[in-house]
Amino acid sequence: ERGSVEQVELRLRKKNGETLSGLLSARMFELDGETVLLGSVNDITERKAAEERLRETNAYLESLFNYANAPIIVWDPQFRITRFNRAFEQLSGRSEADVLGKPLDILFPEKSAAASMELIRRTSAGERWEVVEIGILNTDGSVRTVLWNSATIFSDDGRTPVSTIAQGQDITLRKQREAELARAKEAAEAASRAKSDFLANM
C-alpha cells in the first residue's frame, strides 16, 4: 500500500460551471504490479450550505443579543451568569467579563437579594415571567427598577432546564415620577383638608 487520504474537503467545478463541495477519500496501492488509485468524493454541498445558513443565523442572533437596547441576561441551572449583553452592562455598571460564571445574587441589593433569588428559582421549575419587578444594583450604589420577562430553555427531554434567558425594561424614571405624583397628590389633599378645617373653624 502506497498511502491514503481520508475526508479531505475540496471544491469541484461541474461541466455546467456550478461548484460543489466534496469530501475526498482515496487510496493508492499496488495491484498486479501496477499502481492503482481508488478514490471517491462525497457531495456535501447541501450540508455546507446549511452550515453557512446556520452560521449567518447565529451571527445575526449574536448581534441582536449584544446590541439590543433592552438588558438581557442568561443563567444556567446553578444560577450562574452565562451571558450578559451591553445594555445590561450599562444598567449594572459591570462588564460581561466581570460577571460571567458568578452567581446571580451579586446583581441585587442586599435587602432584596433573597426575595429576588426566590423568584428566579421558580423559573427553573418552568415558571415563565410575564412581568416581574426586580431591582438591579448598580456599581455606583444606585438601584435600578426593572420589569422582567423570562423563558427557560429545556433539553431534548423537555424536562431538564438548560438555561434561562430574561429581558428587562428599566422603569426607574417612571417609578420616580409615580412617587413624585403620589407625594404631590398627598400634599394637595392635605392642603385641601387644612383649608376645609380652617374655614370650618372661622
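How many cavities of 30 Å³ or more does the structure hold? It holds two. Keep in mind that this is a predicted model. To see where the cavities sit, start with the sheet.

Five strands make up an open sheet. Read across it, and the order is E5-E4-E8-E7-E6. The pairing is antiparallel. Two strands stand at the edges: E5 (81–84) and E6 (132–137). Each of these has a single partner strand, so one side of each is left without a neighbour in the sheet. The sheet also twists, by an average of 35° from one strand to the next.

Now look at one pair of strands. E7 covers residues 143–154, and E8 covers residues 161–170. Nine bridges join them in the antiparallel sense. Find Thr152, and you will see Thr164 of E8 standing opposite. Helix H4 (residues 113–123) packs on the sheet. H4 touches E4, E6, E7 and E8. The direction of H4 makes about 125° with that of E6.

Another helix, H1, spans residues 45–67. H1 lies across strand E4 (72–75) and E5. The angle between H1 and E5 is about 85°. Leu64 is a residue of this helix. Is Leu64 buried, partly exposed or exposed? Its relative accessible area is 47%. Partly exposed means between 20% and 50%, so Leu64 is partly exposed. Leu64 and Asn85 are 21 residues apart in sequence. In space, their C-alpha atoms are 9.6 Å apart.

Back to the cavities. The largest has a volume of about 70 Å³. Which residues line the largest cavity? Among them are Ile73, Trp75, Phe88, Leu104, Phe108, Trp129, Ile134 and Trp148. Strands E4 and E6 each supply at least two residues of this lining. What kinds of residue make up the lining of the largest cavity? Twelve are nonpolar, with no polar and no charged residues.

The second largest cavity has a volume of about 30 Å³. Trp75, Asp76, Pro77, Phe79, Ser124, Pro161, Ser163 and Thr164 line it. Trp75 is thus listed for the largest cavity and for the second largest cavity. Thr164, the residue opposite Thr152, is also in the lining of the second largest cavity. Which strand gives the most to this lining? E8 does, with three residues. Here the lining is mixed: four residues are nonpolar, three are polar and one is charged.

Technical notes: Residues are numbered from 1 along each chain as its sequence is written. This is a predicted model: local features need pLDDT of at least 70, side-chain atom pairs count only at pLDDT 80 or more; totals for chains, interfaces and linings use all residues. Side-chain values use heavy atoms; hydrogens and water are left out. Two strands pair if DSSP finds at least two bridges between them. Helices (H or I, at least four residues) and strands (E, at least two) are DSSP runs, numbered from the N terminus. Axes are lines fitted to C-alpha atoms, for helices over the stretch in contact, and angles run from 0 to 180 degrees between N-to-C directions. Contact means heavy atoms within 4.5 Å. Buried means under 20% relative accessible area, exposed over 50%, partly exposed in between (1.4 Å probe, protein chains only). On a 1 Å grid over the protein atoms alone, a cavity is a set of points where a 1.4 Å probe fits but cannot get out, and a pocket is an open set with protein on both sides within 12 Å along at least five of seven lines; lining residues have an atom within 4 Å of a point. Grid points are joined across faces, edges and corners, and a volume is the space filled by probe spheres set on the points. Ala, Val, Leu, Ile, Met, Phe, Trp, Tyr, Cys and Pro count as nonpolar, Asp, Glu, Lys and Arg as charged, and the others, Gly among them, as polar.
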